[in-house]
Amino acid sequence: MKSSYVQEFNFEATTFKITDLAKDKFPDYSSNVFNDIKKLSWEKDKFYEINYTDRKGRFTQRIITNCSTSTFENEDEIEETFIIANCLLRKGDIRHFRLKNIIERSTYTEDFEKLIV
């Protein structure tokens, strides 16, 4: 099986938009129910696009996979939940993302995985 990075895929040559591959989104604006990021499941074999702000308040967008959650004490001894995942926009390196800083999440369909694997 051959792997590649998202940067190597030619999205312009496709006949669809990358957003066409998303099957669910957080927050769900079509619902009147409050969307709680803590209630989302993060599956190891799924691909997610996240929009979040880093510690310095900068907005960024990432595609991640092989996700797990873990709770750590921060420098102020307050427990925080992190998503630990491989970041495709950082050559698959493992990254930590503060759950509370995730603004939006989309889950990609299996068709997305077929494009990059």
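Here are some exercises with worked solutions on the structure above, which is a predicted model.

## Exercise 1: The overall layout

Describe the secondary structure of the protein chain and the order of its elements.

**Solution**

*Step 1.* Begin by counting elements: the protein chain has one helix and six strands.

*Step 2.* Next, follow the sequence from start to end. The pattern reads β-β-β-β-β-β-α.

*Step 3.* Now turn to burial and surface. The protein chain has 117 residues, and 33% of them count as buried. Its accessible surface is about 8100 Å², with 47% belonging to carbon and sulfur atoms.

*Step 4.* Finally, look at contacts between residues at least 6 apart in sequence. Of these, 50% join residues at least 24 apart.

## Exercise 2: Strand 2 and its partners

Find the strands that pair with strand 2, and decide how far strand 2 is enclosed.

**Solution**

*Step 1.* Strand 2 covers residues 47-53. Its pairing with strand 3 is antiparallel and runs over seven bridges. Here Tyr52 stands opposite Thr60 of strand 3.

*Step 2.* Strand 2 also pairs with strand 6, again in the antiparallel sense, this time over five bridges. In this pairing Asn51 stands opposite Glu104 of strand 6.

*Step 3.* Look at the turn as well. The hairpin of strand 2 and strand 3 has five residues between the strands, and Gly57 takes a positive phi near 85° there.

*Step 4.* Now for the enclosure. Six of the seven residues of strand 2 are buried, so strand 2 is largely enclosed by the rest of the structure.

## Exercise 3: The nonpolar core

Which elements give two or more residues to the largest nonpolar core, and what does Cys67 touch?

**Solution**

*Step 1.* A general tendency helps to set the scene: in soluble globular proteins, nonpolar side chains tend to be buried together.

*Step 2.* In this model the largest nonpolar core has 13 residues, and those with the most contacts inside it include Trp42, Ile50, Cys67 and Phe97. The elements giving two or more residues to this core are strand 2, strand 3 (59-73) and strand 4 (79-87).

*Step 3.* Take Cys67 as a worked case. Leaving aside residues up to four places away in sequence, Cys67 touches Trp42, Glu43, Lys44, Tyr48, Ile83, Ile84 and Ala85.

## Exercise 4: Aromatic pairs

Count the aromatic pairs, then classify Tyr52 with Phe97 and Phe72 with Phe82.

**Solution**

*Step 1.* The count comes to three aromatic pairs.

*Step 2.* For Tyr52 and Phe97, the ring centres are 5.2 Å apart and the planes stand at 80°, so the pair is edge-to-face. The cut-off used here is that planes over 60 degrees apart count as edge-to-face.

*Step 3.* Place these two residues. Tyr52 lies in strand 2 and Phe97 in strand 5, so the pair ties together parts that are 45 residues apart in sequence. Tyr52 and Phe97 are both buried.

*Step 4.* For Phe72 and Phe82, the ring centres are 5.7 Å apart and the planes are at 65°, so this pair is edge-to-face too. Phe72 belongs to strand 3 and Phe82 to strand 4, so the pair ties together parts that are 10 residues apart in sequence.

*Step 5.* Check their burial: Phe72 counts as partly exposed at 34% relative accessibility, whereas Phe82 counts as buried at 12%.

## Exercise 5: Positive phi values

Where do Asn66 and Glu77 lie, and is each buried, partly exposed or exposed?

**Solution**

*Step 1.* Recall the background: most residues other than glycine have a negative phi.

*Step 2.* Asn66 has a positive phi, near 55°. Asn66 lies in strand 3 and is partly exposed, with a relative accessible area of 33%.

*Step 3.* Glu77 has a positive phi as well, near 60°. Glu77 sits in the loop between strand 3 and strand 4 and counts as exposed at 62% relative accessibility.

## Exercise 6: An asparagine in a loop

Locate Asn101 and find what its side chain reaches.

**Solution**

*Step 1.* Asn101 is in the loop between strand 5 (93-98) and strand 6 (102-108).

*Step 2.* With a relative accessible area of 15%, Asn101 is buried, because the cut-off for buried is under 20%.

*Step 3.* The side chain of Asn101 reaches the backbone oxygen of Thr53 at 3.1 Å.

*Step 4.* Not counting residues up to four places away in sequence, Asn101 touches Asn51, Tyr52, Thr53 and Asp54.

Notes. Residues are numbered from 1 along each chain as its sequence is written. This is a predicted model: local features need pLDDT of at least 70, side-chain atom pairs count only at pLDDT 80 or more; totals for chains, interfaces and linings use all residues. Side-chain values use heavy atoms; hydrogens and water are left out. A nonpolar core is a set of buried Ala, Val, Leu, Ile, Met, Phe, Trp, Tyr and Cys residues joined through side-chain atoms within 4.5 Å. Buried means under 20% relative accessible area, exposed over 50%, partly exposed in between (1.4 Å probe, protein chains only). Helices (H or I, at least four residues) and strands (E, at least two) are DSSP runs, numbered from the N terminus. Contact means heavy atoms within 4.5 Å. A polar contact is a pair of N or O atoms within 3.5 Å; within protein, one must be able to donate a hydrogen and the other to accept it, and residues adjacent in sequence count only if both atoms are side-chain atoms. Accessible areas come from the Shrake-Rupley method with a 1.4 Å probe; for residues, only the protein chains shown count as cover. Two strands pair if DSSP finds at least two bridges between them. Rings of Phe, Tyr and Trp (its six-membered ring) pair if their centres lie within 6.5 Å; planes under 30 degrees apart count as stacked, over 60 as edge-to-face and the rest as tilted.
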